[in-house]
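Hi everyone, thanks for coming. Today I'd like to walk you through one interface and one helix, so please have the viewer open.

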Amino acid sequence: MLAVLAALYDRAPQRIHGYELMKQTGLKSGSLYPLLMRMSERGLVSSEWCEPTAPGRPPRHAYRLTATGLALAREARSDPGSFGLSDAKA
Amino acid sequence: MSVWIARPVMKLALAGMGSDRCEWAAAMHAEFAVAQEAGDGLSFAFGCLTTAWQELPRHAEGRLALARYICALGLILPVAALLLAGLWCGYPWVEPPYAGEIASFARMPTGMVPTIYAGNAAAMTGLATLLLLRIAGLIVLAWFVVDADWDRAGAMQRAGAAATITLTLFSAVAFADLTCVVLPLLAVGAELLSIPMLQRWHEDGVVAEA
């Protein structure tokens with residue numbers, strides 16, 4: 001979840017699509033989507049449908065952190081130790 | 001090649017997401033098009049399938065679907081396999097030592113050893129065919145249970161019960177030995193207990209959701 005939080009925080013306030021988020025975090029779809037669902041249920045992530053960029057394409061879901069998610073991401077970045085990230089790059 | 005596998009896998013994943021996760025299913029579907037263009041379609045589709053299966057126990061619709069699959073794969077099809085194994089081993093003729101064990105399990109009298117002679121040997125083909133139809137019926141029943149088609153499942157159960165009663169009557173007449181119908185009778189009992197319970201749970205769940 002921390003990788004997703006960090007990726008969304010880096011892009012805030014812009015939104016990011018699911019596939020790009022996969023590439024940015026290195027997570028597979030089988031890990032990313034359950035995380036996004038849980039984070040959305042906890043009010044950390046908001047999603048929005050974006051108009052398709054090319055004709056014939058379906059609208060895509062884009063994600064960004066809510067105020068709660070932003071606060072959590074800031075906290076994780078400032079104090080990685082409390083999130084079990086003492087060795088991680090800040 | 002992988003596109004031909006990825007698409008049905010993705011379809012399976014989207015079908016398993018359930019109505020309360022339909023927005024997430026649509027989101028996955030849109031990203032699948034992008035992943036396919038990038039050459040990641042297959043791994044993306046398998047990831048989505050994993051997600052769909054992980055999510056199944058988390059919502060009522062998924063739990064009901066899971067229960068239907070467990071009933072079909074864990075009860076009905078193993079019973080069909082057991083009956084098929086019996087048929088393979090020479091049903092309705094049960095070798096005396098096995099007949100004795102089955103009779104002792106079912107607390108039936110074991111005094112008479114069944115014998116085959118010209119008269120009752122002719123009945124074996126008919127009884128075996130009837131049991132084969134019963135096995136085919138169980139496979140169809142498993143499909144109806146998975147599909148939650150309770151009317152057809154009920155009709156199939158009634159036909160199965162009728163076939164088992166016919167087996168019992170004819171076996172009693174032809175072989176004077178009922179050990180060969182113990183397993184079919186147990187199958188009917190398990191079916192009659194489990195499927196109506198599952199149907200009631202399913203209908204209660206559907207009413208509660210509505």
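**Where chain A meets chain B**

Let's start with a pair you can click on: Arg38(A) forms a salt bridge with Glu55(B), and their closest N and O atoms are 2.8 Å apart. By salt bridge I mean a side-chain nitrogen of Lys or Arg within 4 Å of a carboxyl oxygen of Asp or Glu. The rule finds 5 salt bridges across the interface of chain A and chain B.

A word on the model: it is predicted, so local features need pLDDT of at least 70 and side-chain atom pairs count only at 80 or more, while totals for chains, interfaces and linings use all residues. Residues are numbered from 1 along each chain as written, chains are lettered from A in the order written, and side-chain values use heavy atoms, without hydrogens or water.

Now the whole interface. In contact (heavy atoms within 4.5 Å) are 22 residues of chain A and 22 of chain B. Together the chains bury about 1900 Å², 60% of it on carbon and sulfur atoms; that is accessible area, with a 1.4 Å probe, lost on putting the two together, summed over both. Tyr19(A), Tyr33(A) and Met37(A) supply 32% of the area that chain A buries there, more than any other three residues.

Tyr19(A) takes us to helix α2 of chain A, residues 18–25 (a DSSP run of H or I, at least four residues). Its buried residues, under 20% relative accessible area with a 1.4 Å probe, protein chains only, are Gly18(A), Tyr19(A), Leu21(A), Met22(A) and Thr25(A). Why do they lie on the same side of α2(A)? Because they cover an arc of only 160 degrees around the axis, taken from the directions from the helix axis to the C-beta atoms.

Technical notes
Buried means under 20% relative accessible area, exposed over 50%, partly exposed in between (1.4 Å probe, protein chains only). Helices (H or I, at least four residues) and strands (E, at least two) are DSSP runs, numbered from the N terminus.
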